[in-house]
Amino acid sequence: MSKPWLHIVGIGEDGLDGLTPATRAVVAAAEVILGGDRHHVLTDDIKAVRIAWPSPFDAMIDVIEGLRGRRAVILVTGDPLWFSVGARIGRAIDPAEIVYHPQLSAFQLAAARMGWSLPDVETLTVHGRPVAQMIAFIQPDARLLILTTGAETPAQIAAYLTERGYGQSRLTVLAAMGGKDEARFEGIAADWDHVVPAFNTLAVECIAAQDAALQPRVPGLSDDLFQSDGTMTKREVRAATLAKLMPMRGALLWDIGCGSGSVAIEWIRAARYARAIGIEPRADRRAMAGANAMALGAPKLDLIDGSVPGALVGLDAPDAIFIGGGLSRETFESAFAALRPLGRLVANAVTLESEAVLMDLHAEFGGDLVRLSVCRAEPVGQLTGWRPAMPVTQWSLVKR
């Protein structure tokens with residue numbers, strides 16, 4: 001069995017004084033310490049070889065592997081396994097070779113400063129990630145704790161809130177928590193103008209105006225929220241489609257013929273860290289999908305120019321597949337072969353020709369075949385009547 005040789009130590013603004021005696025002894029005995037500039041300053045009394053985070057950051061694992069045989073310590077901020085580098089290191093190096101030494105996280109400190117219960121708060125990070133991904137969490141009365149990218153992040157988030165009718169939301173920036181330079185900045189999103197330190201944590205109390213946008217993470221967003229040329233999967237059918245696709249944490253969706261991206265975007269919004277690849281041969285539709293993804297908090301939607309089956313080569317194996325365009329037996333066979341076990345496939349058809357393909361596939365592979373019909377109330381002269389949308393035939397199955 002492997003023996004631990006690498007220590008990953010969480011440290012706060014109070015430096016060595018905030019560590020337990022056992023952890024302090026580990027740091028004091030280190031031959032080599034890897035960390036950021038802040039971490040080295042906080043531990044400058046320790047005599048050890050110092051290594052900065054490598055550039056590019058992807059070279060980190062090779063640098064760490066080169067420390068084998070030495071008393072090695074990596075310094076990180078707060079809890080090494082909560083939105084920190086510890087998890088990434090643990091995926092590359094046997095966890096049995098690592099000892100983690102957690103410190104209070106920025107989330108715990110911020111919750112304590114705000115008097116908020118952590119189970120009642122959404123904890124998010126946009127550090128080194130697209131800030132727009134927090135848009136999916138803007139909801140009435142929500143409380144958010146956000147690890148930011150830098151001094152400019154609170155103003156960016158204030159703008160997102162204001163644009164969506166949450167301008168009266170209360171923002172609190174907490175910096176250098178637990179240290180001698182701890183600072184707090186408070187204000188309202190609509191008139192946020194503070195200059196804040198680059199290293200900060202943002203607390204947001206979402207307050208909705210009467211006309212605020214309602215964009216829950218449950219699938220079925222209004223069609224009006226999407227740019228479209230009219231060929232998108234409509235709201236009610238989209239909700240039924242996502243129910244069969246079953247979004248799950250970290251799962252990957254292939255959206256074949258993604259059009260405006262509505263299904264892929266709602267997949268990403270519905271589950272933490274869910275990913276989606278949209279395959280769309282038309283540049284104008286890819287542009288719309290990209291704009292929709294940014295506006296609705298799914299900026300990491302990966303859009304690919306191409307058609308099936310060629311566009312599928314080299315892609316990560318999916319947990320779910322939606323075929324919304326370009327349906328054919330060849331498309332199904334190529335996609336289904338790549339689907340992971342317990343993966344879900346959903347295909348929608350509106351034409352008789354596509355419906356015939358689905359009926360044949362259902363007869364051969366089983367699954368569920370349903371027809372979805374939606375009618376909307378619309379004016380008929382001075383009165384109101386039901387106007388039917390085109391019915392959709394939907395086939396779904398789970399790969400066993």
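**View 1. Four elements each supply at least two residues to the lining of the second largest pocket: α7 (235–245), β11 (252–256), α8 (262–270) and β15 (344–349).** Welcome to this predicted model. The pocket shown here has a volume of about 810 Å³. Of the 40 residues that line this pocket, look for Thr 231, Thr 233, Gly 324, Gly 325 and Val 350, which are the closest to its centre. Sorted by class, the lining of the second largest pocket has 17 nonpolar, 16 polar and seven charged residues.

**View 2. Asn 348 sits in strand β15.** Strand β15 is one of the elements that help to line the second largest pocket. Is Asn 348 buried or exposed? Asn 348 counts as buried because its relative accessible area is 11%, and the cut-off for buried is under 20%. Two side-chain partners are worth finding in this view. One is Thr 241, whose side chain joins that of Asn 348 in a polar contact of 3.1 Å. The other is Gln 394, with a side-chain polar contact to Asn 348 of 3.2 Å. Setting aside neighbours within four places in sequence, the residues in contact with Asn 348 also include Thr 233, Val 237, Phe 322, Ile 323, Leu 358, Val 392 and Thr 393. You have met Thr 233 already, among the residues closest to the centre of the second largest pocket.

**View 3. Helix α8 is mostly covered, with eight of its nine residues buried.** To trace them, start at Ser 262 and follow Val 263, Ala 264, Ile 265, Glu 266, Trp 267, Ile 268 and Arg 269. What lies over these buried residues? The cover includes α7, β11, β12 (275–279), α9 (283–295), β14 (320–323) and β15. Of these, α7, β11 and β15 join α8 in each giving at least two residues to the lining of the second largest pocket.

**View 4. The largest pocket holds about 1400 Å³ of space.** Its lining takes in 45 residues, and those nearest the centre are Trp 82, Phe 83, Ser 84, His 127 and Leu 147. Two or more lining residues come from each of α2 (37–42), β4 (72–77), α4 (86–92), α5 (106–114), β8 (170–175) and β10 (200–205). By class, the lining of the largest pocket is made of 21 nonpolar, 16 polar and eight charged residues.

Terms used:
Residues are numbered from 1 along each chain as its sequence is written. This is a predicted model: local features need pLDDT of at least 70, side-chain atom pairs count only at pLDDT 80 or more; totals for chains, interfaces and linings use all residues. Side-chain values use heavy atoms; hydrogens and water are left out. On a 1 Å grid over the protein atoms alone, a cavity is a set of points where a 1.4 Å probe fits but cannot get out, and a pocket is an open set with protein on both sides within 12 Å along at least five of seven lines; lining residues have an atom within 4 Å of a point. Grid points are joined across faces, edges and corners, and a volume is the space filled by probe spheres set on the points. Ala, Val, Leu, Ile, Met, Phe, Trp, Tyr, Cys and Pro count as nonpolar, Asp, Glu, Lys and Arg as charged, and the others, Gly among them, as polar. Buried means under 20% relative accessible area, exposed over 50%, partly exposed in between (1.4 Å probe, protein chains only). A polar contact is a pair of N or O atoms within 3.5 Å; within protein, one must be able to donate a hydrogen and the other to accept it, and residues adjacent in sequence count only if both atoms are side-chain atoms. Contact means heavy atoms within 4.5 Å.
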